[in-house]
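Me: I am new to this structure and would like a close look at one part of it. Please take me through it slowly, and then go on to some other spots.

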Amino acid sequence: MVKQGKRGIARKVGLAAGAGAAAALGYFVYSARAYIFTTPGNVTAPYTPRGIDRVRLEREGVSPEVIESLDVRDGGNITPTGDVLFLDENRLKIREKPQRPMRKNHANGLGVKNKIVEKTSAMITGSDGGGEAFAALTENMGEPIGSPMRRFTSEFLGFEDSGYTHVSVLPLNVDVAEGHHNVVMPVDLIVQELKEAHHIAIMDYCICRKNFDCKDHPHDFGCIFLNANAVHAIEAGNAHEATVDEAIEHVLKAAEMGLMGAADFVEGEQYIWNMKNDEMHEYRMFCFCCECCCLAMKVLKNSTKDISMRCAPVGWTATVNHDACVGCGACASKCPQHCIEYREDGKCVIDQDKCVGCGFCKLACENDAVRIRQTMPMRANLNEYYLAEGRIDDRREHAPAVPTGLLR
């Protein structure tokens, strides 16, 4: 982060402290919910690798020679050269939480919380759209696990058991296997949401890149907000209205820049964007992240397993070609999920149960050994990911499935 003077540091601390104080009611509510709703259904069930499913492989027509070459550490459905033999339905289902209560909007009631949200938002977005305050919160997540400031920050952001923060990673540069046509890609999920939105706004800058003074990507390339979220961002003076075509062009430019896409539902950002209690079902935000500055990825790098599982793939993860891998370690240094390890021969292996498909490892590999491939079935649309994995009800239970190849 760029060095700051005493006045800048004091301002940053003041913003973070102000946000925390103004959100005291929200924190109290989150904490109360933690005691009320902490049930086994709130936590992802422990997962044990199943080994090599020989029956399934033989049914798929995989030869005995290929089956013998498989390493369970590659996931059981991926060859030593990184090819995917079948889409693993069980790995998709393991992230589902059917026993957890569905998140619903809270009633506005007397409007006390909404007034706190309004005051907090005016204070924060009037400066830098929450960048400095969120940077301070992120630094708090660097505190030891269990410390008061880390606990507060995690609760405020909605990462704890009582919260519903969820991130679906949408890699924009994926590798389609040869001979596979009409494949629905992660970018198609974004395009469908854009075409169904009643308001679209593009942020005038990226909070993360601006705050961390990114040297690799432009600061003025920001997120996309939809619906009520878009209206509030425009009202705050931090974003401009966009058409569907302009938004799609923005997404394609993000892909050209090598950025990672992500659909975010972050409960704590209600206090940033002045979202009323009865509007939170319309919260929809698409981030376009670089590995050097992304606040969410920085949080994940120093988090517990339960928090890291809040960030999930949409069927596409990283695979490695062991023939091309030289064991240099460049990929592992960029992985926010700590899911890359090394075999006895020095070749890297990617834990498919942890990988979210961000693609940062692929960008780091100079030997072209890493690919982002579809390794699991995809759900019909983003709403299905929110419902099944985040237990977030955005009132679109009957959203249509994504048509094949919206961009093609």
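In which loop does Asp 88 lie?

Reply: Happy to help! This is a predicted model, in which local features need pLDDT of at least 70 and side-chain atom pairs count only at pLDDT 80 or more, while totals for chains, interfaces and linings use all residues. Residues are numbered from 1 along each chain as its sequence is written, and side-chain values use heavy atoms, leaving out hydrogens and water.

Asp 88 lies in the loop between α4 (64–69) and α5 (89–93); helices (H or I, at least four residues) and strands (E, at least two) are DSSP runs, numbered from the N terminus. Asp 88 counts as buried because its relative accessibility is 3%, where buried means under 20% relative accessible area with a 1.4 Å probe, protein chains only. Its side chain reaches the backbone nitrogen of Asn 90 at 3.0 Å.

Burial also marks strand β5, residues 260–265: six of its six residues are buried, so the rest of the structure largely encloses this strand. Met 260, Ala 262 and Asp 264 point one way, while Gly 261, Ala 263 and Phe 265 point the other. In a regular strand, side chains alternate between the two faces of the sheet.

β5 has partners too, and two strands pair if DSSP finds at least two bridges between them. Strand β1 (residues 166–171) runs antiparallel to β5 and is joined to it by six bridges, with Val 169 partnered by Ala 262. Five bridges link β5 to strand β6 (residues 284–289), again antiparallel, and here Ala 263 has Phe 286 as its partner.

Next, the cysteines. The model has zero disulfides, a disulfide being a pair of cysteine sulfur atoms within 2.5 Å. For Cys 289, the closest cysteine sulfur is that of Cys 294 at 3.6 Å, which is too far for a bond. Cys 365 is in no disulfide either, as the nearest cysteine sulfur, in Cys 328, is 6.1 Å away. Cys 289 is buried at 9% relative accessibility, and Cys 365 at 17%.

Cys 365 and Cys 328 meet again at a cavity, meaning a set of points on a 1 Å grid over the protein atoms alone where a 1.4 Å probe fits but cannot get out; lining residues have an atom within 4 Å of a point. There are eight cavities of 30 Å³ or more, and the second largest has a volume of about 90 Å³. Of its 13 lining residues, the closest to its centre are Cys 325, Val 326, Cys 328, Cys 331 and Cys 365.

Notes:
Buried means under 20% relative accessible area, exposed over 50%, partly exposed in between (1.4 Å probe, protein chains only). A polar contact is a pair of N or O atoms within 3.5 Å; within protein, one must be able to donate a hydrogen and the other to accept it, and residues adjacent in sequence count only if both atoms are side-chain atoms. On a 1 Å grid over the protein atoms alone, a cavity is a set of points where a 1.4 Å probe fits but cannot get out, and a pocket is an open set with protein on both sides within 12 Å along at least five of seven lines; lining residues have an atom within 4 Å of a point. Grid points are joined across faces, edges and corners, and a volume is the space filled by probe spheres set on the points.
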